[in-house]
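Notebook open, coffee poured. I want to go through the strands and then the charged pairs.

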Amino acid sequence: MHRIKKVCVCLLVICMTVISLKGMTDLSQRKSSDFKYRPFFEQEEDFDIIFLGTSHVINGIFPMELWNDYGFVSYNFGGHANQLAVSYWVLKNVLDYTTPRLAVIDCLTLGTQTKTSQSFDYVHLSLDAFPPSITKWQAVSDLLDDQVMNETAAAGNLADAAKRTKMSLLWDYSVYHSRWNELSADDFMPGSSREKGAESRIAVSTPADVKKIASNQKLEGETAGITYLRKILDECKSRGIEVLLVYLPFPASESEQKEANRVYDIARNYDVSYINFLDMDLTDHQTDCYDPASHLNPSGAKKVTDYLGDFISSHYDIPDRRQDEAYKSWHDSYADYKNYKAGHIKNQQALDIYLMLLADKNYNLFVEIRNPAVWKNKHYKRLLQNLGINTGKITKDTDAFVLKGGRHEDSLKNFSACKKKEYQTALGTIRHVKNEDQSVSVYLDDSMLYSVDEVQNESMDIRIAVFDKDTMEVTDQAGFCIQDREDIADDYLSVTGVVR
């Protein structure tokens, strides 16, 4: 009896130790991977489309937009600096939980000879959230069996060489146990991705010009990237999953363009479709880039997402789930996503980023340009054109515009001067009223959009009202005063005041 009691006590201590270690592991680990994947693991139903690739995928494809426009149930599994070997093992782990109809694979990094990037933290982002399993063990064993990266580490040219262990990927606590002084409220109450794995990068940057190479210039020979792309294609074929290969748009170097050109051969050999966005004029580097090197901002990402949605709808049998009772929670997720997008707009103080965020067909806009010299500024003019404003319709008296669903519907003349009491537009009747105290109020039908006092009215250069396309509720309204009102023909201007 005494021996049984001792055994029970030992078992209890072991259980308590395991539970404590599990709790400390969950608390101490970085939450970026868990944040990205939580909506995926919480859903019991299958995902019909999955997206794999680098940060170009994270920043460039928005599943919630595809849901709203097409009813597609998809998830973005792109990871920062993911080599195609990492994408392959993410795919293998994902397939333990869901069976998609279509896998969309970005082929950036096709020319690399390594299995992981030089930053092992990015591997953690892609794999940490997956629970221990045979598949994860296989992934860890293969990714760390990397001769090129091991030689780099042995030569002392790898800053995080000490982190590259199987244990670090299989048991997070071995990596994160020392970050107690970094813990914040987010560690105790972690959130989850409102963008189904995607990540909006909010900025506008102008990259350098890119020299386009000929299509017959392509990556030669075999690489680790090509080997793992073939593994992805073979895995999908064996499971009856269709594949769409893509090379997402960005200001690509000559070597990256050669990668993209090589994919045509691979797609042809496997009889799968391939979209090389580098060969298209879909995006504009002047308005659609988050940074000078490569990543898309939401304006560019929505263009890519729209194109992919239309292509997938036309070429693959992907169901519209919007009326499917099993996926009704996606309507709530989309409402949350809309609020998330609106929050970015409402908190914005920079005019160029504000205009970039409004390049969204789910918003209707009323734009009043009180200072016509704004059109002389190349940066702002291009961003206004990106909204859909047709500059060919502008005369010297044109000072206001109505856009509906991303289309330029009406151009208003002499609006700011209040020479006309009301304008009939695609959004309704717009009235501009000058009050007795010299303040100005603008109405849409019977609802006031905004009112500004005399000083604000005189100093305002651009005034914008943003509406939800479906409900016509006002999402935001803001006025911007810009620097140097006398000469604003430079390529960049700073905002000196914002009025909401």
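**Strand pairing**

I started at the end of a strand: Tyr363 has Asp468 in E13 as its bridge partner. This is a predicted model, so I read everything below with that in mind. Next I looked up how the two strands run. E6 (residues 363-369) and E13 pair in the antiparallel sense, over 7 bridges.

I then checked the other neighbour of E13. Strand E14 (residues 474-482) is joined to E13 by 6 bridges, and the two run antiparallel. One register to note here is Ala465, whose bridge partner in E14 is Gln477. E13 and E14 make a hairpin with 5 residues between them. In that turn, Met472 has a positive phi of about 60°.

How many residues of E13 are buried? I get 7 of the 7 (residues 462-468), so this strand is largely enclosed by the rest of the structure. I also wanted the two faces separately. In a regular strand, side chains alternate between the two faces of the sheet. On one side of E13 I find Ile462, Ile464, Val466 and Asp468, all buried. On the other side are Arg463, Ala465 and Phe467, which are buried as well. My note for E13 is that both faces are covered.

**The other side of E6**

Back to E6, this time looking towards E7. E6 and E7 pair antiparallel over 4 bridges. Val367 has Phe401 in E7 as its bridge partner. Strand E7 (residues 398-404) is mostly covered, with 6 of its 7 residues buried.

E7 continues into a hairpin with E8, with 2 residues between the strands. I logged Gly405 in that turn, with a positive phi of about 60°. The pairing of E7 with strand E8 (residues 407-413) is antiparallel and has 6 bridges. For the register I wrote down Leu403, whose bridge partner in E8 is His408.

**Charged pairs**

I moved on to the salt bridges, and the structure holds 27. The pair I picked first was Arg321 with Asp48, where the closest N and O atoms are 2.9 Å apart. Arg321 is in the loop between helix H14 (298-315) and helix H15 (329-346), while Asp48 is in the loop between helix H2 (32-42) and strand E1 (49-52), so the pair ties together parts 273 residues apart in sequence. Are these two buried or exposed? Arg321 is buried at a relative accessible area of 15%, and Asp48 counts as buried at 2%. I also see a network of salt bridges that links Asp48, Arg101, Arg321 and Asp324.

Asp288 and Lys303 came next: their side chains meet in a salt bridge at 2.7 Å, N to O. Asp288 is in the loop between strand E5 (273-276) and H14, Lys303 is in helix H14, and the two are 15 residues apart. Asp288 is buried, with a relative accessible area of 0%, whereas Lys303 is partly exposed at 21%.

I added Arg370 and Glu368, whose side chains meet in a salt bridge at 3.4 Å, N to O. Glu368 counts as buried, at 3% relative accessibility.

**Surface charge**

Last entry: which residues form the negative surface patch? I have Glu436, Asp437, Asp453, Glu454 and Glu458. I looked closer at Asp453, which lies in the loop between strand E12 (447-452) and helix H18 (454-459). Asp453 is partly exposed, with a relative accessible area of 36%.

Notes: Residues are numbered from 1 along each chain as its sequence is written. This is a predicted model: local features need pLDDT of at least 70, side-chain atom pairs count only at pLDDT 80 or more; totals for chains, interfaces and linings use all residues. Side-chain values use heavy atoms; hydrogens and water are left out. Patches are made of residues with over 30% relative accessible area and no salt bridge: like charges are joined within 9 Å, nonpolar side chains (Val, Leu, Ile, Met, Phe, Trp, Tyr) within 5 Å. Accessible areas come from the Shrake-Rupley method with a 1.4 Å probe; for residues, only the protein chains shown count as cover. A salt bridge is a side-chain nitrogen of Lys or Arg within 4 Å of a carboxyl oxygen of Asp or Glu. Lys and Arg count as positive and Asp and Glu as negative; His and the chain ends are not counted. The place of a charge is taken as NZ of Lys, CZ of Arg, CG of Asp or CD of Glu. Buried means under 20% relative accessible area, exposed over 50%, partly exposed in between (1.4 Å probe, protein chains only). Two strands pair if DSSP finds at least two bridges between them.
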